[in-house]
Amino acid sequence: MLKKTLFFAAMSVAVLAAGPSVAADYPERDVTYIVPFNAGGESDVTARMQEEPFKAVTGKGFVMQYKPGAGGAAAWSQLNGLQDDGYTIMGINLPHLFLQPMSGKVGYKTDDITVVNVFQLTPHALLVNVDSPIKTLDDYIAQAKQTPGAITVAGTGSNSANQVAQLTFDQGAGITTTYIPFTGTAATTAALLGNQVSAQWGFTTVAVAQGDKVRMLGVALEERHPLFPDVPTFKEKGINLVGGAHRGVAVPKGTPEETREAISSVFSKVNQNPDFQKKMAEAGFILINVDYAGMDEFMSGLGKEYTEVGKALGLVN
Amino acid sequence: MIGKAHTVDLVLGATVLALCIWMGVEARDFSPFASLFPTFITVTCGGFTVVLLTLAAMGRFTPPPAAMGSTIRRVVLCVVLAGWLALLPVAGFILASIPGFIGVGVAAKYDPWSPRQWLLFCLLAVASVVALSLFFAYALQVPLEQGSLFRG
Amino acid sequence: MTIFENFLHALTPLNLLLAVGGVVAGTIVGALPGLTATMAVAVLTPLTFTMAPDSAMIGLGAIYTGAIYGGCYSAILVNTPGTPSAIATTFDGFPMAKRGDGDLALTLANLSSVFGGLVGALGLLLLAPPLAQVALAFGPVEYFWLAVLGLTLVAGLSHGSLLKGLIGCAIGLLISMVGTAVVGGDPRYTFGSPLLLGGINIVVALIGLFCIPVLIDLVASPSAHLRLSGEVRGYRLREAASLAWAGKSNLLRSSVIGTVIGILPAAGGAIASLIAYGEARRASGKPGDFGKGEPGGIIASESANNAIVGGGFIPTLTLGIPGTPADAIILGALLVHGVRTGPNLFSDQSSIVYTFMFGLLLATLLMLPIGLVLGRYAYKSIIAVPKTVLAPAIALMTVIGTYALHNSIGEVWLMLGLGVLGWVLSRADVPPAPIVLGVVLGPIAEQGFVQAWLIGQATGDLPGMFFGRPISLAIIAAALLVLFYPALAQRWRRRRSAQ
């Protein structure tokens, strides 16, 4: 009995000792980071901000590549065909990975994508132009009830995070608004600033960037956002909209387990970098830490949520 | 006023009309807003092609100038380019582009060459392909295709 | 820092070096068919991360303006626009080169680009805040009608009949519909292929439809690609300058058009240069000469497309909303530098902004000597190089340039396929420009239309949405003018000669 225990103890020590040494070899050269959106967008900026702390941790940098198209689906559907030696990683966005396959044939299924780390959350935010007569969330709901469908709300993409936020909120508040999709956050924000639409379903990052040109009516967090203490959460108003868009990285299916863990741990370390944390917080992002070990649970939990959302909103065919 | 109906115009009209019809029918399966624009464009374009076919049949179009020069060389060029692209995933960028470069040069070659000129040309091909590939791979940080023959 | 100090700061050795280096690098990259200005900026951005923000911006701005200018080289010498904004330059630039006036065309393009760039940069420096409001006044409807205007213009300007031009536009629009619908998210005409899911990229269409037919015809005959008229002259600077002076109203008008349209986010250089070209043709009194090597065409197109650089920075710096895709990348670079871009950029970071604007002015001025020298090299090499080397060099550029976009061999095949299609269509007198414009403007037209429809329905005033807004009405009037002016003008002329 004692021998068995000792044996297993020795094995565990050996395994633990072997683990980090594999990770210590990775990466031996620059890593190709593929962004599934256009250069200059939020995913690109996040990746570029990650490069410095990545270099600090590993001594290697990124080779950036862009594969925009179909709201990210073009890149994700090609992910598993790429080299799986751990030197090709791809940014991923949630809920895109859940909603896109649900809404039709987009070239991949959610389970095809091997996510190794989710590091960032941008919470949903409902925004109006600062000149708008709508001053509070209650005003918004009241006006929507008065004239159903007349409030036009801009958002980025179809079957995207913004549209889900709009549909979930409308259901929760018992109102109807009209969603107007745009391509890219810039066009969406321009529409709001030019008063082409009444409101915008965006994220806290937009509010931070636009400063006092927009008014945030509500934010989709459990507690109020540190940069916006006067803005209520939707939960406070009785509407269960908590969440936003998540960002993470994925690797091609064939990447070996130890490499996946190595990549995941590097990105977790990047998230600990104080400069990086400061930059992210200032821009309105919220850093979260879901590493490879906790990924299955995280994804299946979110997956269930979004499947319910998708069904309830008629997105599932 | 009534002249000859030119085959080119008739073929153009018929092909584009067929394309519009097919795309228009496909558009019926799309969600309402996704089908709006395709329907509009295929109908309008179909209308244009009908007008085109009518005018062409009435001989209203002057013939476009005939393609001068050698058709064979044009075809050879297209075949060389296709072969080049087919070779890319297998042999990698540099090894596929060198024969591709040489092939296109041959398609454009009208004078006979001495062996020395051939040698110079091949060296130029190698130098140009390698130089440009290095420029893209290192200065512009665009990773080029390595080729399945060389990947582990 | 006072404004004067900012001006001096733009003249520090580092910033000067960046301005010069940026213009040189940008011009070379922009001249290669297959590498667009946006790509040049994207690829060279990481080099600037170690610099101070204002130096980085000067470098990137110089690269951008150089690349937009450089697009005229391949447009004039090889009939392939280096960037979409140089499409209108091919209309007259290539015919001029074919008849032996390529050096004149290049010098004239240089002068026009510098002038246009200066107008745009001055607009940025002096009028940014009010002009930014123009950007916001354009809503989905205006974009829709603007796309329609662009399409009618290019159809009307093409060599063949108007009908074939319209069919070319329609083919381009059909091509642009391949991919994922913006509203609804359906995959359309993709045959289940992940390659087509993202749609057919505009650069793939540009290279394919312009460059491959040129290549196909290049190998078909032994005669020289461009005629060299007589002995090699100098830069023909005086000649070009007098042409530019003769066309000064064209020059000024086109530069203003470029600045204003550059302000509209996502409108792009192609529309601006096209509108400027169309206007120049209409106002010239000799519309028949355009498209055959008329210098006024180059003046219009090149001054407009460089004015876009300055114009595009107006919403970028004033509102934090990028005017063009390259501006989006520059904004992103600023964010990485920790600069808060947004409405308060001018007030909070005025020294960075003013230093940058002076740097941009400087880079534009530097384009004059740098461009003349580079243009000379380009011209000499195209003239001197035999076809057996020119053809493969062009082929190599197209292959590597298309591949460099997204590392996709599938896209290179698409490019080749579209190229062969483009050649076949040109045999039927359907030129490539309307098709490519259709691909560029298709998404703008569709999104504008559907968004306007949705908003109009929601507000309950659909007809008013499409036909009731002042800016839209002005654009519609312009489009109708383009369509019917030639026929009307002909009738008036006949009536006058009959009297």
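Two strands are said to pair here if DSSP finds at least two bridges between them, and helices (H or I, at least four residues) and strands (E, at least two) are themselves DSSP runs, numbered from the N terminus. The model is a predicted one, in which local features need pLDDT of at least 70 and side-chain atom pairs count only at pLDDT 80 or more, while totals for chains, interfaces and linings use all residues. Residues are numbered from 1 along each chain as its sequence is written, chains are lettered from A and ligands numbered from 1 in the order in which they are written, and side-chain values use heavy atoms, with hydrogens and water left out.

Begin by selecting strand S8 of chain A, residues 214–219. Six of its six residues are buried (under 20% relative accessible area, against over 50% for exposed and in between for partly exposed, with a 1.4 Å probe and protein chains only), so S8(A) is largely enclosed by the rest of the structure. Add strand S4, residues 114–129 of chain A, which pairs with S8(A) in the antiparallel sense over five bridges; within this pairing, Arg215(A) in S8(A) is the bridge partner of Val128(A).

Move next to strand S2 of chain A, residues 62–66, where five of the five residues are buried. Colouring S2(A) by face shows Phe62(A), Met64(A) and Tyr66(A) on one side and Val63(A) and Gln65(A) on the other, and both faces are covered. Strand S1, residues 31–35 of chain A, runs parallel to S2(A) and is joined to it by five bridges, with Ile34(A) standing opposite Gln65(A). Following the chain from S1(A) through H2(A) to S2(A) traces a β-α-β crossover that is right-handed (with the strands pointing away from the viewer, the path from the first strand over the helix to the second runs clockwise).

Stay with helix H2 and display Glu42(A) together with Arg247(A), which form a salt bridge whose closest N and O atoms are 3.3 Å apart; the term requires a side-chain nitrogen of Lys or Arg within 4 Å of a carboxyl oxygen of Asp or Glu. Because Arg247(A) lies in strand S9 (residues 244–251) and Glu42(A) in H2 (residues 42–58), the pair ties together parts of chain A that are 205 residues apart in sequence. Arg247(A) is buried at a relative accessible area of 10%, whereas Glu42(A), at 24%, is partly exposed.

For a pair within one helix, select H10 of chain A, residues 274–283, in which Glu282(A) and Lys278(A) lie four residues apart, about one turn of the helix. Their side chains meet in a salt bridge of 3.7 Å, N to O, with Glu282(A) partly exposed at 43% and Lys278(A) exposed at 54%.

Then turn to chain C, where Glu294(C) and Lys286(C) meet in a salt bridge of 3.4 Å. Here Glu294(C) is buried, with a relative accessible area of 12%, and Lys286(C) is partly exposed, with 39%. Also in chain C, salt bridges that share partners join Arg99(C), Asp101(C), Asp103(C), Arg236(C) and Glu239(C) into one network. Over all chains, the count comes to 19 salt bridges.

Finish at helix H6 of chain A, residues 161–173, whose end C-alpha atoms are 18 Å apart, in agreement with the 18 Å expected of 13 residues (1.5 Å times one less than the number of residues). Since 10 of the 13 residues are buried, H6(A) is largely enclosed by the rest of the structure; among the buried residues are Val164(A), Phe169(A) and Asp170(A). The helix is followed by Gly174(A), whose phi is positive, near 70°.
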